[in-house]
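User: Could you take me through the salt bridges in this structure?
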Amino acid sequence: MNKVQGRCKKNTVVLDAPGKDEIILEYAPQIKFIAHRLAMRLPSHVDIDDLISSGVIGLIDAINKFDPSRNIQFKTYAEFRVRGAMLDDLRSRDWVPRSVRQKSAVLQRTYAEIEQRVGRPASDEEVAGALNLTMDEFYDLLNCARGLSLVSIEAENEDSGISPKILESLTADAEENPFNILKKKELQMLIAEAIDQLPENDKKVVSLYYYDELTMKEIGKVLDITESRVSQIHTKAMLRMRGKMKKHLE
């Protein structure tokens, strides 16, 4: 990005205050967009303004640490830092009760166990039956776990057991850090495999949400289902994927 220029010091870019202010103003809409996307899957008590403030801090961090000699665009690097700062803030405030974390872990483990046993995606009824829940209780549990379905490339989710350190891989020179590049490719293959094994509806929701960047509401209109149903499908997809990837990465 042309505006990310300045004095180079120890492989980083040093901008004066006016330059930083200009970039922050330019990226303000993107920070708000990322914050709103995260907030849609979080409890109502999470203040979106707090997410935006954290995002600004993440952007400033990106400006200070961006190295133009690396083979990566500033926009990509900045978005990782912004989203990562928001998730770090959420984790530091421990916004998810321990009981919800435990329930999410049980759901993830149950999906993985059933799917390993039957060799196909587990149905809602099978998971509910394994947990001795009615279908209403099962869907209530999914709704409780939806905040923990956040998947972030740059953040480690302590419940998933996944610590890919992808941001370092993306910003590393292949000659300098071949191990990180190899780990990045390995993780990409694991993610692709996990997505490929999802039920068709789950695949569609993951694709529309993460690749086409539609909102849950927009996906509901595309698939002709309710926004609540989209959220449930997304949560189940993330639980399935985390369960499959955990056994490879722990």
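Analyst: The salt bridges and the exposure of their partners are discussed below. This is a predicted model, in which local features need pLDDT of at least 70, side-chain atom pairs count only at pLDDT 80 or more, and totals for chains, interfaces and linings use all residues. Residues are numbered from 1 along each chain as its sequence is written, and side-chain values use heavy atoms, with hydrogens and water left out.

User: How many salt bridges are there in the whole structure?
Analyst: The search finds eight, a salt bridge being a side-chain nitrogen of Lys or Arg within 4 Å of a carboxyl oxygen of Asp or Glu.

User: Which residue does lysine 203 pair with?
Analyst: Lysine 203 pairs with aspartate 196, at 3.8 Å from N to O. Salt bridges that share partners also join Asp61, Lys65 and Arg81 into one network.

User: How far apart are the closest N and O atoms of lysine 65 and aspartate 61?
Analyst: They are 3.2 Å apart. Both residues lie in helix H2 (residues 48–65), four residues apart, so about one helical turn separates them. Helices here are DSSP runs of H or I with at least four residues, numbered from the N terminus.

User: Is lysine 65 buried or exposed?
Analyst: Lysine 65 is partly exposed at 43% relative accessibility, where buried means under 20% relative accessible area, exposed over 50% and partly exposed in between (1.4 Å probe, protein chains only). Aspartate 61 is partly exposed at 23%.

User: What about arginine 120 and glutamate 126?
Analyst: Their side chains form a salt bridge of 2.6 Å, N to O. Arginine 120 is partly exposed at 40% relative accessibility, and glutamate 126 is partly exposed at 26%.

Conventions: Helix = DSSP H or I, 4+ residues; strand = E, 2+ residues; numbered from the N terminus.
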